[in-house]
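Let's take a walk through this model, stopping at some charged pairs and then at a pair of packed helices. Keep the viewer open as you read.

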Amino acid sequence: MNLPRGAVMALGFTSLAALTIPHSVTVAAAQAPVADSVSAARANPANWPARPATLALDPAVERRIDELLAAMSLEQKVGQIIQADIGSVTPDDVYHYHLGSVLNGGNSDPGGRYNAPAKDWLAAADAFYAASMKPNGKLPRIPVIWGSDAVHGHNNVVGATLFPHNIGLGAARNPDLIRRIGAATAIEMRVTGLDWTFAPTLAVVRDDRWGRTYEGFGEAPEIATSYAAPLIEGLQGRIGDKDWLRGPHIIATAKHFLGDGGTHGGKDQGDAEMPEAQLRDLFSPPYLPALDAGVQSVMVSFSSWNGVKMHGNRSLLTGVMKERWNFDGFLVGDWNGHGQVAGCTATDCAAAAVAGLDMYMAPDSWKELYRTTLAHARDGTLPMARLDDAVRRILRVKLRAGLFEAGKPSGRPYGGRFELLGSKEHRALAREAVRESLVLLKNASGLLPLKPEATILVAGDGADNLTKQTGGWTLSWQGTGTKRSDFPNAESIWEGIAAEVKAAGGSAMLSPDGRYTKKPDVAIVVFGEDPYAEFQGDRPDVGYDDPKTLALLRSLKADGVPTVAVFLSGRAMWVNPFLNASDAFVAAWLPGSEGGGVADMLFGKAEFRGKLPYSWPKSSDQTAVNVGDADYDPLFAYGFGLTSTDNGDLARLPEARASVAAVDPGVLFAAGKPGSGRRLLLGAPGALSTNLGPQLIEARGADRAAQEDSVRLRWTGAGTAVAAIVQDSPTDLSRQSNGYLALELDVRVDTPPSAEVSLVMGCGAKCAGGFPLRAMLTEAAKSRKWTRIAIPLRCFEKAGVDMARVETPLSITTSGKLDLILSSARIVSPSGPVLQCK
């Protein structure tokens, strides 16, 4: 935004006359046919492999469950099948509502601090446990369990060891390594008092546009199938051992059942459109060894199969998982996923439990869901036999894990042993995993291994960047917003390189932009994707675009500097121009906390052994290229990976980028992020930035229909501050203005403004126009409901905006305090009443 400092407040605003008070909006539940009425989405369990129960039921355990069920109240039973997020529930709630479980979502932390210290996690675990065990009349006391997405180590907690994401582990092809990683993760979770992880992800990923591609071990079921049992045994221990599910071990979860990696177009929470045989043969194989290893919980997928949401598909949840496969643990839902079942909402869905769901993941909807589920249990909509079965399964797992006798989390083995977070042994294991995960794609003239005694330039925005190196699901859901001090037990790639070069007597210099005064012997350029998770990571294609880094690589090549490219990514991507511009190219995936493992490989301390778990695309639109396809034609095949002794030369590749999927130019902000070609900037007028502290204004992810699909903007009142959506290049909106399109915002105001608020559109230096919003936002704050505000573009034109060169389509400015959540901002044909300009 090119407004000079202070210019926003000096603008004269065109006044608005509202046709109606801005109206509140609600999110409708996704509609789909009822599962048992749609044959295409009804599995025939007889067509699936039969398997016996993993272990015989323990008569003593089952008798104790019978006694508990007989003594429990109906309210207590309903509470056991509901899981609430720690950001929306208190220990007192756990006591009064008899909740069986809590979780921390990707953005939920003790005290609301993403970097809360480990001791706060342990204290919170003690508090929730104490609440669940507090005497309550004659009712039996049932310990609460706490679930957490520890998907690449105990990744929510500062100081924990961060292992490579699953895509990198898939490249390692080493089941024993996976077992040891599971064991280390379990111990670090026990340190903070947590007893249940939502891992492993056993997705078989068929379209790399999916934002969760890096959570899958590969595109074929063989890798996940070989990893499922050892990883679960690492987490849970071995069946029959005294420490199974206790001591250094925890409860594991196989997820997401079923077909999450096979949705059409790689769309997160989308639809797997395929015959039953394909669903079975491609996506179910990893679950069988998981069950054989005794996994105690299975998470149901957000996705659909042939139009029917998995959370409501009885034929798969009950028919296959529980009856055909004899699974005797419990099925847990995903983040309000039950609300997407036909006829359901997040706060009312007996259908999911009837279909076979045993525990609702109801992070922020739990209280109203408790009320409606209790009513359904009373009127028979939720049959008592089904409720008792769900409770029985949950109690069975808690008894097997010894939770009734374990005492408070801080008093259990490993509780409070904070020195084990990021311990020397665990970090060494993570470094080993990094070494085995890297895949060498190019090594022209045998450039690698490098000599550490050389003069080495280290460049690129990923070189000294733990946020980028660790990826999504790291301290925050999307892995964004972290800083170096949040990783006390970690080493960046640059730090690893510098240590090895110094030890060898060489010289290493860090220059992110690649500038140097003395020509180096060799350059290492580290770059790649910025962090993301789940649907925010979905892409229209697999082409990697980074003009700045490409220009850097080409300039080094022109200067005659041999260059190694280290590519950080959560998927295989089309990078032909970058391959051409570098002499060696390493797919480093998302390596985690141990950058020294990357340095080890570059300097030859170990031989490259990683093999591609995903086929590498030949073009940017080759989004679903999988081994076994009839027209299989990748650039690098599934299983490819050079060693340093192989001929690593690569012929020059074509650099023309294929056409990409259409991007809606009207999206300014949606799904938790700015639209294509746009950025969210914060700061004082004339001094905006993507990385600003909270002195004037802060932005954090917020939840509406899904995790972090919105942004919370909080003005502190310490001075005039702006939140702006800016564009990479000016846009001509004159046609849209003439076509009666509007700027439409969906907001929820939690704290009304204490001073005037300006909504401004900018068109370059000293070119802007807008409107006062204080009255509307104050009115919206009274209900704290979602409110839609629509302002015709022609009103901005009347206010002085040159619609032919809009650079800042949206900015909100105030000098006072204001707390609002922005869910979406679009230039659209308005869906409801609009505000009129005079």
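Lys322 has a relative accessibility of 8%, so it counts as buried, the cut-off being under 20%. Keep in mind that this is a predicted model. What does Lys322 pair with? Its salt-bridge partner is Asp358, and the closest N and O atoms sit 2.8 Å apart. Lys322 belongs to helix 11 (residues 314–324), while Asp358 lies in the loop between helix 12 (350–355) and strand 12 (360–361), so the bridge ties together parts that are 36 residues apart in sequence. Asp358 is buried too, at 1% relative accessibility.

That's one pair; a search of the whole structure turns up 57 salt bridges. As general background, side chains of opposite charge can pair when their charged atoms come close.

Next, pull up Asp600 and Arg431, whose side chains meet in a salt bridge at 2.8 Å, N to O. This one links distant parts of the chain: Asp600 is in helix 21 (residues 596–602) and Arg431 in helix 16 (residues 424–437), 169 residues apart. Are the two partners buried or exposed? Asp600 is buried, with a relative accessible area of 2%, whereas Arg431 is partly exposed at 24%. The pair doesn't stand alone, either: Arg431, Arg435, Glu491, Glu500, Asp600 and Lys605 are linked in a network of salt bridges.

Now try the strands. Asp750 and Arg712 form a salt bridge with an N to O distance of 2.2 Å. Asp750 lies in strand 26 (residues 742–751) and Arg712 in strand 24 (residues 710–716), so this contact ties together parts that are 38 residues apart in sequence. Asp750 is buried, with a relative accessible area of 13%, while Arg712 counts as partly exposed at 28%.

On to the helices. Two packed helices are described by the angle between their axes and the distance between the axes. Helix 7 (residues 175–191) packs against helix 8 (residues 221–236) at an angle of about 30 degrees, with the axes 7 Å apart. Angles under 35 degrees count as roughly parallel, so helix 7 is roughly parallel to helix 8. The crossing of the two is right-handed.

Which residues make the contact? On the helix 7 side they include Pro175, Ile178, Gly182 and Ala186, and on the helix 8 side Tyr227, Pro230, Leu231 and Gly234 are among them. By class, the contact of helix 7 with helix 8 has eight nonpolar, four polar and two charged residues. The helix 7 contact residues include Arg179, and those of helix 8 include Glu233.

Technical notes:
Residues numbered from 1 in each chain as written. Predicted model: local features only at pLDDT ≥ 70, side-chain atom pairs only at ≥ 80, totals over all residues. Heavy atoms only, no water. Salt bridge = Lys/Arg side-chain N within 4 Å of Asp/Glu carboxyl O. Helix = DSSP H or I, 4+ residues; strand = E, 2+ residues; numbered from the N terminus. Buried < 20%, exposed > 50% of the residue type's maximum accessible area, 1.4 Å probe, protein only. Axes fitted to C-alpha atoms, helices over the stretch in contact; angles between N-to-C directions. Parallel < 35°, antiparallel > 145°, perpendicular 65-115°, else oblique. Left-handed = near helix turned anticlockwise from the far one by under 90°. Contact = heavy atoms within 4.5 Å. Nonpolar A, V, L, I, M, F, W, Y, C, P; charged D, E, K, R; others polar.
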